[in-house]
Amino acid sequence: MSQRLLLTVLGALTFASVYAHVVMAPVLTELADEFGITTGTAGLVVAAYGAPGILVALLVGPFSDRLGRKRFLVGGALVMGLFTLLATLATSFAALLLLRGIAGIGSAVIFPNASATVGDSFPYRERGRAMSTMIAFNTMASVIGIPAAGLIAEATSWRVSVGISGALSVIAGVLLAVLLRPTTVSASESRFFELYRSILRNSSAVAAIVSSFLGSLFWFAWATYVVVFFESVYGLSRGTASTYALTLGLGVLVGSQVGGRLGDRIGHKPIVALSIVASSLLLLVLTTVAMPLAFATGLSLMVAAVIGARFATNQTLMTEQMPSARGTLLALSAATISFAIVMAASLGGLLIDTFGFAAIGIFCLVAGLSSSLIVILFVREEPIDMEIAPV
């Protein structure tokens with residue numbers, strides 16, 4: 001398969017995966033009304049989707065390095081899509097949480113394997129461009145998905161909106177099964193737990209995982225409630241607020257393309273460190289300072305653009321920390337990111353219900369500054385790959 005076709009296939013899958021996630025953001029208030037719960041409680045559907053990834057990614061990672069990426073990409077897409085479709089039939093909030101959780105099992109294996117496949121297929125000094133291309137696909141899910149989901153839900157119901165995302169995931173899985181060739185991996189003779197031990201002995205790899213976790217706390221605490229922010233603070237309808245939330249997707253789309261390509265030229269580490277500091281400060285201003293809607297929209301765009309540069313560069317930096325255990329490391333990172341999604345959605349809802357959106361800005365500032373400091377002090381740009389003992 002050509003590199004261009006590979007990126008297209010992986011991009012289609014990550015598009016479906018992100019859309020299945022963001023489709024819930026515009027419908028939280030509708031869910032709250034239908035099931036008689038608070039908006040913060042409704043945000044648990046996001047946490048339920050991310051929770052399985054804490055364990056599932058950890059189990060799958062070493063098998064990905066031993067058995068190849070394709071079976072996990074295809075299987076993940078089909079599980080995610082089918083149970084997202086079933087979630088549209090839920091008659092209680094508890095049933096919705098359960099079905100979203102099972103869909104999250106499928107989602108949990110997609111991104112680490114997609115990123116590992118890019119790492120397997122592109123040299124490091126060209127990987128930023130390739131990673132940013134794949135991110136462009138999944139970012140379009142935010143650009144298209146959030147406003148489309150909100151408008152569809154407003155015109156029909158949240159069930160129709162969520163069902164569309166499930167259908168897209170099933171289609172992506174079928175395409176992968178047909179088009180994607182099995183990949184060759186380098187750790188086929190390594191012991192399951194030795195892969196993890198080799199990562200935990202690498203201080204730079206551990207620091208990169210911790211930094212990525214904190215960066216995910218920053219992003220998901222804001223992204224989960226951005227539509228609610230425009231609804232609550234500016235009194236917009238759900239459909240209109242979803243349209244204003246386009247700033248997230250557009251910003252990430254532009255920022256990731258610039259960041260990945262710039263990282264290939266000057267190194268990815270400085271962009272990873274500086275971008276989250278800048279975006280944290282901008283978000284603090286957005287959530288604590290009263291301003292006209294037009295200014296808030298522009299500032300939201302800037303936050304997303306700067307953090308978008310981090311997405312491409314951070315993922316590229318992660319793929320080179322442990323080349324011989326790339327799938328396992330990215331799976332471990334994905335598990336911590338899933339934990340971050342759970343924490344961000346849960347704590348974010350609690351902070352909003354208790355203190356308002358200013359608390360989100362402060363929380364994200366602390367997470368962002370901590371993430372940047374860890375990258376600067378402990379993460380190396382060049383890989384130091386520990387030897388993995390054979391069976």
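Which residues does Ser333 touch, not counting residues up to four places away in sequence? Keep that question in mind while loading the structure, which is a predicted model.

**Stop 1: Ser333**

Select helix 18, residues 326-354, and find Ser333 within it. Ser333 is buried, with a relative accessible area of 4%. Show its surroundings: leaving out residues up to four places away in sequence, Ser333 touches Ile209, Ser212 and Met318.

**Stop 2: helix 1 against helix 10**

Next, select helix 1 (residues 3-22) and helix 10 (residues 158-179). Their axes lie 9 Å apart and the packing angle is about 155 degrees. Angles over 145 degrees count as roughly antiparallel, and helix 1 and helix 10 are therefore roughly antiparallel to each other. The crossing of helix 1 with helix 10 is left-handed.

Now show side chains on both helices. From helix 1, the contact uses Val9, Ala12, Leu13, Phe15, Ala16, Tyr19 and Ala20. From helix 10, it uses Ser161, Ile164, Ser165, Leu168, Ser169, Ala172, Leu176 and Leu179. Colour the contact by class to see 12 nonpolar and 3 polar residues, with no charged residues. While looking along a helix, recall that an α-helix has 3.6 residues a turn, so residues three or four places apart point the same way.

**Stop 3: helix 6 against helix 10**

Keep helix 10 on display and add helix 6, residues 70-87. Helix 6 and helix 10 pack at an angle of about 160 degrees, and their axes are 7 Å apart. That angle makes helix 6 roughly antiparallel to helix 10. Helix 6 also passes helix 10 in a left-handed crossing. Coloured by class, the contact of helix 6 with helix 10 has 15 nonpolar, 7 polar and 2 charged residues.

**Stop 4: Val162**

Stay on helix 10 and select Val162, which has its place there. Val162 is buried, with a relative accessible area of 1%. Residues to display around Val162 are Val23, Met24, Thr84 and Thr88, which it touches when residues up to four places away in sequence are not counted. For a distance label, draw a line from the C-alpha of Val162 to that of Leu86: the two residues are 9.8 Å apart in space and 76 residues apart in sequence.

**Stop 5: the nonpolar cores**

Which residues touch the most other members of the largest nonpolar core? Select Leu31, Leu96, Phe218 and Trp219, which hold that place among its 88 residues. Then add helix 12 (residues 203-223), which gives the most to this core, with 13 residues. Apart from this core lies another one of 25 residues, including Val74, Ala103, Phe122 and Ala312.

Go back to Leu31 and list its contacts. Not counting residues up to four places away in sequence, Leu31 touches Met24, Ile37, Ala42, Val45, Leu96 and Trp158.

**Stop 6: Ala223 and helix 13**

Ala223 is found in helix 12. At 13% relative accessibility, Ala223 counts as buried. Leaving aside neighbours within four places in sequence, Ala223 is in contact with Ala25 and Leu248. A C-alpha to C-alpha label between Ala223 and Ala25 should read 7.9 Å, although these residues are 198 apart in sequence.

Move on to helix 13, residues 226-234, where Val226, Val227, Val228, Phe229, Phe230 and Glu231 are buried. Just after helix 13, check the backbone of Gly235, which takes a positive phi of about 65 degrees.

**Stop 7: helix 16, helix 17 and Gly259**

Select helix 16 (residues 269-288) with helix 17 (residues 293-319). The pair packs at an angle of about 155 degrees, with axes 8 Å apart. Helix 16 is therefore roughly antiparallel to helix 17. Their crossing is left-handed. Among the residues making the contact are Lys269, Ile271, Val272 and Ser275 of helix 16 and Val306, Ala309, Arg310 and Thr313 of helix 17. By class, this contact of helix 16 with helix 17 has 16 nonpolar, 5 polar and 2 charged residues.

Finish at Gly259, in helix 15 (residues 246-266). Is Gly259 buried or exposed? With 3% relative accessibility, Gly259 counts as buried. Gly259 touches Ile271, Ala309 and Thr313, not counting residues up to four places away in sequence. Gly259 and Val306 are 8.6 Å apart, C-alpha to C-alpha, and 47 residues apart in sequence.

Definitions and conventions: Residues numbered from 1 in each chain as written. Predicted model: local features only at pLDDT ≥ 70, side-chain atom pairs only at ≥ 80, totals over all residues. Heavy atoms only, no water. Axes fitted to C-alpha atoms, helices over the stretch in contact; angles between N-to-C directions. Helix = DSSP H or I, 4+ residues; strand = E, 2+ residues; numbered from the N terminus. Parallel < 35°, antiparallel > 145°, perpendicular 65-115°, else oblique. Left-handed = near helix turned anticlockwise from the far one by under 90°. Contact = heavy atoms within 4.5 Å. Nonpolar A, V, L, I, M, F, W, Y, C, P; charged D, E, K, R; others polar. Buried < 20%, exposed > 50% of the residue type's maximum accessible area, 1.4 Å probe, protein only. Core = buried A, V, L, I, M, F, W, Y, C linked by side-chain atoms within 4.5 Å.
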